[in-house]
Amino acid sequence: MSKILITGSLGQIGSELANALCERYGTSNVVVSDVRAKTVDDQISDCECAVLDVTDVTQIAELVKKHNIKIIYHLAALLSAVAEAKPQTAWNVNMNGLYNVLEVAREFACAVFTPSSIGAFGLSTPHDKTPQDTIQRPNTMYGVTKVAGELLCDYYYKRFGVDTRGLRYPGIISYKTLPGGGTTDYAVEIYYEAIKKKKYTCFLKPGTYLDMMYMPDAINAVINLMEADQKKLIHRNAFNVTAMSIDPEKLAGSIRKQIPDFSIDYKIDPVRQGIADSWPNSMDDSAAREEWGWQPKYNLEKMTEDMLTQLRKKLA
Ligand code: NAD
Ligand code: AKB
């Protein structure tokens, strides 16, 4: 079994991916890492855990060499809203961090998974059924780093033969670890507030449609892509994947089926609204379905049922 390193492991996706990979491949084959030290609140499997800043290439190389790592799941990044507030830091972490990971992967012959995002699209992209291959002119620092990251991963595959793979994730909804400062965070917050207060004030307008996905599907997607036969992968670094296209009203409606007196009102954050307006309403993910069998299991109703059940237990 090839040994795995995860960067940014203590974040929303990393914390759940770490546990899924430990379960699938064994804790002795997984090393988790993050720029901050793990605390008792981080519910991560009992595997090797390191403090690793991806902007320091030497730290990455030492860790990869020490554990004979052969696959890197590179999740360390700043998300869209935080990246807009701190564009210089976002460039450093998202771009230089990825470049460092790819350089180490080239030197030590590692495969690399890197998530891109719906943020890699922009205002001039077709917003409905956004094609796999289309115009990408994002106007956010997050989007710029995501497009450049997709291209850089393609380059490392073509030029150096590094087995790079990636997904354009939509907003990911989950109950274990809170999201890290993105535009789609409302779709997680709303469930917490529905249980705590039966009301939620949303920072995006009604009618703001965005692609979303429940965490179990997001984890299955990365595992299936990384286990896929690479001969079948044409779009290896930037597969559109989605499970649903929803707006705040539709999400509130699904919560109301379980909590009838739940209410939503609006206080728009112009920065995050501007970002959301530049992103697709719904993506076409047929390339992922054709090339490696992508198939989500959760629709809106099934996700809401599970989110509310799990959060009621968590918040009890
Ligand atoms: P997150 O913000 O929850 O977690 C990111 C982690 O990276 C944090 O634990 C943070 O401490 C760590 N980190 C920050 N700077 C670092 C550094 N210099 N070195 C090492 N670690 C550092 O993010 P997430 O939601 O888990 O996202 C993971 C990846 O998936 C990112 O590339 C993100 O762009 C992408 N993505 C996420 C979503 C989503 O909805 N969560 C959607 C699309 C794409
Ligand atoms: C964000 O909103 O920044 C992320 C993403 C969709 O990339 N959730």
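**Exercise 1. Find which residues are around ligand 2, and sort them by class.**

Step 1. Start with the shell, taking a residue as near if one of its heavy atoms lies within 4 Å of the molecule. Around ligand 2 stand Leu 79, Ser 80, Ser 117, Ile 118, Tyr 142, Pro 170, Gly 171, Gly 182, Thr 183, Thr 184 and Trp 279.

Step 2. Before going on, note that this is a predicted model, in which local features need pLDDT of at least 70, side-chain atom pairs count only at pLDDT 80 or more, and totals for chains, interfaces and linings use all residues. Residues are numbered from 1 along each chain as its sequence is written, chains are lettered from A and ligands numbered from 1 in the order in which they are written, and side-chain values use heavy atoms, leaving out hydrogens and water.

Step 3. Now sort the shell, with Ala, Val, Leu, Ile, Met, Phe, Trp, Tyr, Cys and Pro as nonpolar, Asp, Glu, Lys and Arg as charged, and the others, Gly among them, as polar. The shell of ligand 2 has five nonpolar, six polar and no charged residues.

**Exercise 2. List polar contacts of ligand 2, then say how much of the ligand the protein buries.**

Step 1. Look for pairs of N or O atoms within 3.5 Å. An oxygen atom of ligand 2 lies 2.6 Å from a polar side-chain atom of Ser 117. For Thr 183, a polar backbone atom is 2.6 Å from an oxygen atom of ligand 2. The side chain of Thr 184 places an N or O atom 2.8 Å from a nitrogen atom of the ligand.

Step 2. Turn to the area, from the Shrake-Rupley method with a 1.4 Å probe. Ligand 2 alone exposes 250 Å², and the protein buries 92% of that.

**Exercise 3. Do the same for ligand 1.**

Step 1. Ligand 1 is surrounded by 26 residues, the closest being Gln 12, Ile 13, Asp 34, Tyr 142 and Ile 172.

Step 2. Among its contacts, a backbone N or O atom of Gln 12 is 2.8 Å from an oxygen atom of ligand 1. A side-chain N or O atom of Asp 53 lies 2.9 Å from a nitrogen atom of ligand 1, and a backbone N or O atom of Val 54 lies 3.0 Å from a nitrogen atom of this ligand.

Step 3. Taken alone, ligand 1 exposes 840 Å², of which the protein buries 91%.

**Exercise 4. How many disulfides are there?**

Step 1. Apply the cut-off: two cysteine sulfur atoms within 2.5 Å. The count is zero.

Step 2. Check Cys 22: its nearest cysteine sulfur, that of Cys 47, is 3.7 Å away.

Definitions and conventions:
Polar contact = N/O pair within 3.5 Å; in protein donor to acceptor, adjacent residues only side chain to side chain.
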